Amino acid sequence: MSFNQDFNDHGAWRKQFALRLKSLGDWLREQDLLEAGVRERLDQLQSQVKNDKMMVAFVAEFSRGKSELINAVFFAGYGRRIMPASAGRTTMCPTELGYDADLPPCLRLLPIESRLQPQTLMDWRNAPDKWERVNLDVNDPQQLAKAIQKVAEIRRVTTDEAAKLGFWSEEAPEDNPSIGSDGLVEVPKWRHALINMAHPLLKQGLVILDTPGLNAIGAEPELTVSLLPQAQAVVFILAADTGVTKSDLSIWREHLVPTEDAVDSRLVVLNKIDTMWDALSSPEQVQLQIASQRTDSAEVLGLDPRQVIAVSAQKGLLAKVSRDDKLLHASNLPALETALGEGLLGRRRQILGHSVSQGVMALRQETGRLMHTRSRDIMEQIQELEGLRGKNTGVIKQMRLRIEQEQADFDASGAKIQAVRSVHLRLLKDLFALLDNTHLKKRVAELAHALKQPGIKLGVRRAYTHTFKRLGADLAQAEKLAVDIQSMLEGSFKSLNAEYGFSLQPPSPPQLAAYQKDLVLIEKSHLQYLGLGNALRLAQPEFAERLARALMSRLRVVYDTAINEVELWNKSAASQLDAQLRERRRNFSRRIEAVSRIQQAAGGLDERIRELQSQQSHLALIEAKLNELTGQLSGPIAEEAVTELASA
């Protein structure tokens with residue numbers, strides 16, 4: 001099965017999940033079960049599934065056939081090349097292909113001159129008027145390809161201008177572009193390109209990152225320390241006839257060496273195997289040469305040979321367009337698509353499935369607690385009314401007075417419940433202070449200052465280590481505060497449960513320690529970047545400024561995610577208390593109403609008991625329906641749905 005088909009199946013599962021989630025939300029609303037905490041969980045799950053993205057980054061030195069490979073895997077259905085893939089340098093700037101339903105099909109281009117200003121790429125994304133926009137006709141392959149050709153545009157500038165833009169260095173002449181007869185050099189016209197189109201795979205959450213060669217990668221720190229590390233999969237392209245060259249190895253070591261738990265996210269493609277189809281060699285000899293090149297490349301890069309796949313992107317594209325199955329088989333492109341689909345996408349699907357299953361379980365627990373409260377209140381009312389059988393009017397009147405007194409006592413207990421809220425909010429304020437933007441900027445200020453110093457940054461590595469040590473300590477302190485808040489909630493909820501008969505249960509606390517791993521990865525990507533040939537670039541103030549801003553942008557994403565998790569935990573605890581307070585007040589009203597009806601009519605007692613028993617039976621049906629609806633969304637069932645779709 002091709003990667004395209006696998007991704008289609010993944011998209012079908014996401015749509016099915018979203019529909020079931022909407023049905024669950026509508027049903028909960030009908031049953032008056034859509035409390036604030038439950039609604040928050042639903043919104044989070046809907047956002048998680050709707051906005052789930054899988055970025056596949058294609059990285060290579062120039063002229064390895066990278067753009068042709070993207071054409072062959074993703075865009076062969078157009079019957080022609082879409083990404084520019086002629087001889088020589090084609091993709092001159094990092095290019096992202098994705099889909100945003102709020103935008104028309106278009107190509108947006110950020111001028112290279114934006115490098116002279118300190119804003120990060122993330123900042124520029126939020127300034128759409130600074131990008132040049134070209135509308136795309138996705139139904140016209142010729143117009144589409146012609147428009148996208150703009151990513152290959154260049155400018156001719158002086159060496160001084162090239163140096164300011166990060167493409168020229170007197171200290172590293174081997175990386176400099178050639179000087180033309182007019183004394184000028186070529187640099188990319190654009191810093192970054194965003195292509196928005198309603199391609200079926202892009203609509204389902206695929207994002208393709210097409211990167212330029214080594215020199216352009218090194219000149220854009222945000223690409224190296226932010227975009228590439230966050231890609232769920234990286235496809236590194238080599239030439240089959242040369243294997244791992246010196247420049248290939250530089251890219252791998254400086255930008256792509258995976259962490260221990262991310263090794264499986266790397267695929268290496270030995271492209272252009274058709275150059276080895278030698279008429280003077282037998283097919284067996286050719287295959288032995290290719291196998292040897294795969295083994296050697298895997299050894300040099302420290303990968304399992306199964307992660308190195310030899311293909312011919314050009315022949316694979318031609319075979320798909322001409323519907324030549326024999327040539328497609330010879331190109332070995334299906335093997336790459338299988339590795340992308342079953343391997344990389346399969347793991348991504350498992351991670352998403354596990355995550356949403358946990359969310360569904362939390363949602364079911366929160367709703368279950370609310371139903372338990374209602375069920376317990378109904379049972380208590382039935383027992384209370386059963387005790388009135390054969391009693392005279394005076395006893396019934398006394399019961400009403402007792403219920404009214406209980407209600408008054410409960411209303412008077414608001415101060416105690418408010419005290420629990422106050423302590424909770426005070427501790428939360430301290431926790432949020434450790435994660436907010438002001439505190440983060442303060443922690444990174446020393447490092448930013450070290451990066452902005454003129455000349456060679458001799459102490460910058462030490463500044464990185466010190467900064468991340470303090471950030472790690474902050475997260476550890478935030479984790480300790482979360483544990484303290486959880487202990488306080490457990491004690492307070494236990495006391496309230498005993499005193500008022502609640503069934504409060506603190507939600508699972510945020511796992512802030514998990515974000516330590518993100519900090520380690522960010523620090524590693526920056527230290528790796530510092531220590532491998534970028535000392536001269538760092539001496540340039542504008543380059544160091546971009547690196548500092550890229551760091552802050554990446555950290556902000558991690559901290560915002562942590563804050564969102566804390567807020568969900570807080571809302572879940574607060575809404576649970578609100579819901580049970582509301583149910584208790586409703587319960588008092590229902591009990592008083594029932595006793596009033598009994599006082600007014602002799603047959604009111606039996607009638608009210610039957611009503612309550614009917615409500616109890618209905619509640620049991622609701623609980624069964626809840627288990628059915630959430631069961632369709634959680635773990636094994638969701639994974640089975642994916643399997644069924646894939647085998648259909």
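**Strands, buried residues and cysteines in a predicted model**

Reader: What makes β1 and strand β8 (residues 206–210) a pair, and in which sense do they run?

Author: Two strands pair if DSSP finds at least two bridges between them. β1 and β8 have five bridges, in the parallel sense, so the criterion is met. Met-55, for example, stands opposite Val-207 in β8. Strands themselves are DSSP runs of E with at least two residues, and helices are runs of H or I with at least four residues, both numbered from the N terminus. This is a predicted model, in which local features need pLDDT of at least 70 and side-chain atom pairs count only at pLDDT 80 or more, while totals for chains, interfaces and linings use all residues. Residues are numbered from 1 along each chain as its sequence is written, and side-chain values use heavy atoms, with hydrogens and water left out.

Reader: Which strand pairs with β1 besides β8, over how many bridges?

Author: Strand β9 (residues 233–239) also pairs with β1 in the parallel sense, over five bridges, and Phe-58 has Val-235 of β9 as its bridge partner. β9 in turn pairs in the parallel sense with strand β10 (residues 266–271) over six bridges, where the partner of Ile-237 is Val-269.

Reader: What is the order of the nine strands in the open sheet?

Author: The order is β4-β3-β7-β2-β8-β1-β9-β10-β11, with mixed pairing. β4 and β11 (308–310) are edge strands because each has a single partner strand, leaving one side without a neighbour in the sheet. From one strand to the next the twist averages 20°, with axes being lines fitted to C-alpha atoms (for helices over the stretch in contact) and angles between N-to-C directions running from 0 to 180 degrees.

Reader: How do you know that strand β1 (residues 54–60) is mostly covered?

Author: Buried means under 20% relative accessible area, exposed over 50% and partly exposed in between, with a 1.4 Å probe and protein chains only. Seven of the seven residues of β1 are buried. Met-54, Val-56, Phe-58 and Ala-60 lie on one side, and Met-55, Ala-57 and Val-59 on the other.

Reader: What makes the buried residues of α5 line one face of the helix?

Author: In α5 (residues 141–148) the buried residues are Leu-144, Ala-145, Ala-147 and Ile-148. Seen down the axis, they fall within an arc of 165°, so they line one face; the arc is that of the directions from the helix axis to the C-beta atoms. The face turned away from the buried side carries the exposed residues Gln-142 and Lys-146.

Reader: Why does Ser-572 count as buried?

Author: Its relative accessibility is 1%, so Ser-572 counts as buried. Ser-572 lies in helix α21 (residues 541–600). Leaving aside neighbours within four places in sequence, Ser-572 is in contact (heavy atoms within 4.5 Å) with Arg-41, Glu-366 and Pro-507.

Reader: Why is there no bond between the sulfur of Cys-93 and the closest cysteine sulfur?

Author: A disulfide is a pair of cysteine sulfur atoms within 2.5 Å. The closest cysteine sulfur, in Cys-106, is 14 Å away, too far for a bond. The search of the whole structure finds zero disulfides. Both cysteines are nevertheless buried, Cys-93 at 1% relative accessible area and Cys-106 at 0%.

Reader: How many residues does the largest nonpolar core have?

Author: The largest nonpolar core has 95 residues, and those with the most contacts inside it include Leu-451 and Tyr-464. Its largest share, 23 residues, comes from α21. A second, separate core of 47 residues includes Val-56 and Leu-267. Such a core is a set of buried Ala, Val, Leu, Ile, Met, Phe, Trp, Tyr and Cys residues joined through side-chain atoms within 4.5 Å.
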